[in-house]
Amino acid sequence: MEINLKNIAFDLDFHPSNQLVAAGLITGNLFVYRYAEDSEPQRVLKVRAHKESCRAVRFINEGRVILTGSPDCSILATDTETGSAVARLENSHEKAVNRLVNLTETTIASGGDEGCIKVWDTRQQSCCNSFQVHEEYITDMTFEPDSMKLLGSSGDGTLSVNNLRSNKVQTQSEFSEDEPLSIVIMKNGRKVICGTESGTMLLYSWGFFKDCSDRFTALSPNPVNALLKLDEERVISGTENGLISLVGILPNRVIQPIAEHSEYPVERLAFSHDRKFLGSISHDSILKMWDIDSLLQDSGKKVEGKMADDSDDDDMDMDNDNSLPKSSKGTKRKNNGRAQGLDTSGDFFADL
């Protein structure tokens with residue numbers, strides 16, 4: 001099934017238990033849709049979340065709250081039921097907020113264009129740690145819960161491993177001219193895979209992060225903007241040429257295109273809570289929800305879906321971030337103004 005957002009989306013996330021999907025748009029809007037297998041998706045929430053684009057979206061607190069991050073340097077917490085603003089942290093980062101990821105039940109992490117990774121504790125209602133390890137924007141992050149390690153990739157050409165127990169940067173890879181854009185952990189925590197600007201996938205062995213142990217070039221020359229782990233040996237990739245592919249990394253290196261976004265760059269990928277659907281967004285302004293079973297059974301074939309046309313006139317407002325980047329990663333747009341009217345203190349999670 002498909003949802004015509006009428007504007008480019010930079011991130012999406014599925015509710016952890018209900019049939020809801022959220023998208024953050026270039027206009028600064030946050031959209032939430034309710035979906036079902038036998039009907040068209042219905043928009044249940046529209047929030048003008050940010051004055052600039054909405055780059056990052058995550059459900060937290062068991063889905064009761066949605067966090068969004070923006071180039072305006074703010075992080076907004078929105079009530080999922082009512083759409084009302086719970087709190088806003090204005091200066092969460094020195095530059096644009098590029099990524100948000102869930103860590104534990106009470107912590108999240110944010111990555112900014114200044115290269116800083118911050119950890120937020122919802123119990124302490126504040127930022128509990130910062131890792132100023134990178135010199136350029138954070139392109140992606142992933143979390144290994146058993147070891148409490150937070151991995152980050154950056155436009156400075158490096159990968160970092162940050163220890164949340166000791167609150168220290170454990171290690172950082174050597175510089176690579178091939179900029180890492182996306183990152184996943186595979187093989188039960190033994191391998192780390194990075195998708196890069198050139199389309200090469202870098203393979204790291206856990207504990208040996210200084211340099212990659214292998215390279216996989218089947219997706220070259222298309223930048224790998226998004227990676228999503230299907231199982232311990234296969235990932236789903238979203239690339240700049242609009243293709244969504246099933247990639248066997250370990251032990252057999254094979255690639256099968258399984259879906260596409262009409263040659264527009266694929267920006268993000270996500271699974272629904274029950275893993276029945278694969279969600280994807282692209283610069284074609286379409287949020288697509290693919291049936292996972294159909295994709296795996298019909299590898300290499302285009303899967304058609306129903307479209308829900310979402311066409312409010314004010315959804316076409318492109319006055320913010322209106323110079324379309326090749327990909328949202330690495331576009332370090334600064335904000336000269338700040339959103340008004342909400343709590344701007346560091347006590348961000350006080351009302352969550």
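In the predicted model, I185 is in contact with T142, F143, E144, K191, V192, W206 and K229, its neighbours within four places in sequence being left aside. I185 belongs to strand β18, which spans residues 180-186. Its relative accessibility is 10%, and because residues under 20% are classed as buried, I185 counts as buried. A further relation across the sequence links I185 with E232: the two residues are 47 positions apart along the chain, while their C-alpha atoms lie 8.4 Å apart in space.

One of the contacts of I185, T142, leads to a set of paired strands. T142 stands opposite L151 of strand β15. Strand β14 (residues 138-144) and β15 run antiparallel and are joined by 6 bridges. These two strands form a hairpin with 4 residues between them, and in the turn M148 has a positive phi of about 55°. On β15 there is also pairing with strand β16 (residues 159-163), again in the antiparallel sense, through 5 bridges. Here K149 is placed opposite N163 of β16. The hairpin of β15 and β16 likewise has 4 residues between the strands, with G157 adopting a positive phi near 85°.

Strand β15 itself, residues 149-154, has 6 of its 6 residues buried and is therefore largely enclosed by the rest of the structure. Cover is found on both faces of the strand: K149, L151 and S153 are buried on one side, and L150, G152 and S154 are buried on the other.

G157 also appears in the lining of the largest cavity, together with T158, L159, S173, S176, D178, P180, L202 and Y204. A search of the whole structure finds 1 cavity of 30 Å³ or more, and the space in the largest cavity amounts to about 30 Å³. By residue class, the lining of this cavity comprises 4 nonpolar, 4 polar and 1 charged.

A second hairpin region was examined at strand β6 (residues 56-60), where 5 of 5 residues are buried. A56, R58 and I60 point one way from β6, whereas V57 and F59 point the other way, and all are buried. Strand β7 (residues 65-69) pairs with β6 in the antiparallel sense over 5 bridges, and within β7 the bridge partner of R58 is L67. Between β6 and β7, which form a hairpin, there are 4 residues, and N61 in the turn has a positive phi of about 50°.

A buried loop position was also identified. T27 lies in the loop between β3 (20-25) and β4 (29-36). The relative accessibility of T27 is 1%, and T27 therefore counts as buried. T27 and S53 are 26 residues apart along the chain, and their C-alpha atoms are separated by 5.2 Å.

These local features belong to a chain with 1 helix and 29 strands. Of its 352 residues, 61% count as buried. The accessible surface of the chain comes to about 14000 Å², and carbon and sulfur atoms account for 43% of that area. Among contacts between residues at least 6 apart in sequence, 49% join residues at least 24 apart.

Technical notes. Residues numbered from 1 in each chain as written. Predicted model: local features only at pLDDT ≥ 70, side-chain atom pairs only at ≥ 80, totals over all residues. Heavy atoms only, no water. Buried < 20%, exposed > 50% of the residue type's maximum accessible area, 1.4 Å probe, protein only. Contact = heavy atoms within 4.5 Å. Areas by Shrake-Rupley, 256 points an atom, 1.4 Å probe, with all protein chains shown as cover. Pairing = 2+ DSSP bridges. 1 Å grid on protein atoms, 1.4 Å probe; cavity = no way out; pocket = protein on both sides within 12 Å on 5 of 7 lines; lining within 4 Å. Points joined across faces, edges and corners; volume = space filled by probe spheres on them. Nonpolar A, V, L, I, M, F, W, Y, C, P; charged D, E, K, R; others polar.
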